Amino acid sequence: MTEKAYQILFVCLGNICRSPAAEGVMHSMVEQAGLSSMIHIDSAGTEGWHRGKLPDARMREAAKARGYTLQSRARQVRLADLETFDLILAMDADNLRNLRALDPEGLHTKKIQAFCDFCTDHDEKEVPDPYYGGSEGFEKVLDLLEDGCANVLRQIAKA
Ligand code: 4NP
């Protein structure tokens, strides 16, 4: 790993459910590994509908039950993020498509990836949007995030 902090951005649609939860899970894992000064984490939404809001209360409650405190504020992804971040992980195929649309020349293709490609214990290709569903959806989100984030950390730590 280099001297400069490695920067990871998690991206979903609204930045109030999946990506802030990913930020919280990853933050906790990085802290436990003693790598907080080496790995910086943020999250954003492809849409800015919920700008400035805390994560959805259902997501915060489900995360809290697993020991994660979610306290980020929603923001929309911006063009500069493509430059700033080293790894940009999209929660679903729509998010991935919308991120790639911000990079029509493909300058950042390698750093924009599907989060589920890092999952090792799950076959899902996307982190399903839990917003309009029940509590089991939020648990599923956390199951996938814990799996993928652990592997993201392993991959970065050995790079
Ligand atoms: P997220 O979930 O993309 O995981 O933050 C959603 C949040 C809000 C909406 C949709 C998905 N919404 O339609 O407002």
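This section describes the sheet, three of the helices, the ligand surroundings and two individual residues of a predicted model.

The core element considered here is an open sheet of four strands, arranged in the order β2-β1-β3-β4 and paired in parallel. Its edges are formed by β2, spanning residues 39-45, and β4, spanning residues 112-114, each of which pairs on one side only. From one strand to the next, the twist averages 25°. Strands of a sheet pair through backbone hydrogen bonds, in either a parallel or an antiparallel manner. Between β1 (residues 6-12) and β2, the parallel pairing extends over seven bridges. Within this pairing, Tyr-6 has Ile-39 of β2 as its bridge partner, and Val-11 is partnered by Ala-44 of β2. Although β2 is an edge strand, it is mostly covered, with five of its seven residues buried.

Two helices lie across the strands. Helix α5, comprising residues 135-158, lies across β1, β2 and β3 and runs at about 155° to β1. Helix α4, comprising residues 93-101, lies across β1, β3 (87-90) and β4, and its direction makes an angle of about 170° with β4.

The sides of α4 differ in exposure. Asn-95, Leu-96 and Leu-99 are buried in this helix. These residues lie on the same side of α4, because they cover an arc of only 100° around the axis. The cover over the buried residues of α4 includes the strands β1, β3 and β4 together with helix α1 (18-32). Arg-97 and Ala-101, on the other side of α4, are exposed. At the start of α4, the backbone nitrogen of Asp-94 is approached to within 3.0 Å by a side-chain oxygen of Asp-92.

Helix α2 was examined in the corresponding way. In this helix, which spans residues 57-65, the buried residues include Met-59, Ala-62 and Ala-63. An arc of only 100° around the axis contains them, and they are therefore placed on the same side of α2. Among the elements that cover the buried residues of α2 are helices α1 and α5. Glu-61, Lys-64 and Ala-65 are exposed on the face of α2 turned away from its buried side. At the start of α2, a side-chain oxygen of Asp-56 comes to within 2.8 Å of the backbone nitrogen of Arg-58.

The segment that follows α2 contains Gly-67, which adopts a positive phi of about 95° just after the helix. This glycine is located in the loop between α2 and α3 (79-84). Gly-67 has a relative accessibility of 58% and therefore counts as exposed, the threshold being over 50%. Its C-alpha atom is separated by 8.8 Å from that of Ser-28, a residue 39 positions away along the chain.

Ser-43 is a residue of strand β2. Its relative accessible area is 1%, and it is therefore buried. The side chain of Ser-43 takes part in polar contacts with two other side chains: that of Asn-15, at 2.9 Å, and that of Glu-23, at 2.7 Å. When neighbours within four places in sequence are set aside, the residues in contact with Ser-43 are Leu-9, Phe-10, Asn-15, Ser-19, Pro-20, Glu-23, Ser-72 and Arg-75.

Asn-15 also belongs to the ligand surroundings. The residues around the ligand comprise the run Cys-12, Leu-13, Gly-14, Asn-15, Ile-16, Cys-17 and Arg-18, as well as Trp-49, His-50, Asp-129, Tyr-131 and Tyr-132. Oxygen atoms of the ligand lie at short range from both backbone and side-chain atoms of these residues, as follows. A backbone N or O atom of Leu-13 is located 2.9 Å from a ligand oxygen. For Arg-18, a polar atom of the side chain lies 2.7 Å from an oxygen atom of the ligand. In the case of Tyr-132, an N or O atom in the side chain is 3.2 Å from a ligand oxygen.

Methods: Residues are numbered from 1 along each chain as its sequence is written. This is a predicted model: local features need pLDDT of at least 70, side-chain atom pairs count only at pLDDT 80 or more; totals for chains, interfaces and linings use all residues. Side-chain values use heavy atoms; hydrogens and water are left out. Two strands pair if DSSP finds at least two bridges between them. Axes are lines fitted to C-alpha atoms, for helices over the stretch in contact, and angles run from 0 to 180 degrees between N-to-C directions. Contact means heavy atoms within 4.5 Å. Buried means under 20% relative accessible area, exposed over 50%, partly exposed in between (1.4 Å probe, protein chains only). The arc is that of the directions from the helix axis to the C-beta atoms. A polar contact is a pair of N or O atoms within 3.5 Å; within protein, one must be able to donate a hydrogen and the other to accept it, and residues adjacent in sequence count only if both atoms are side-chain atoms. A residue is near a molecule or strand if one of its heavy atoms lies within 4 Å of it.
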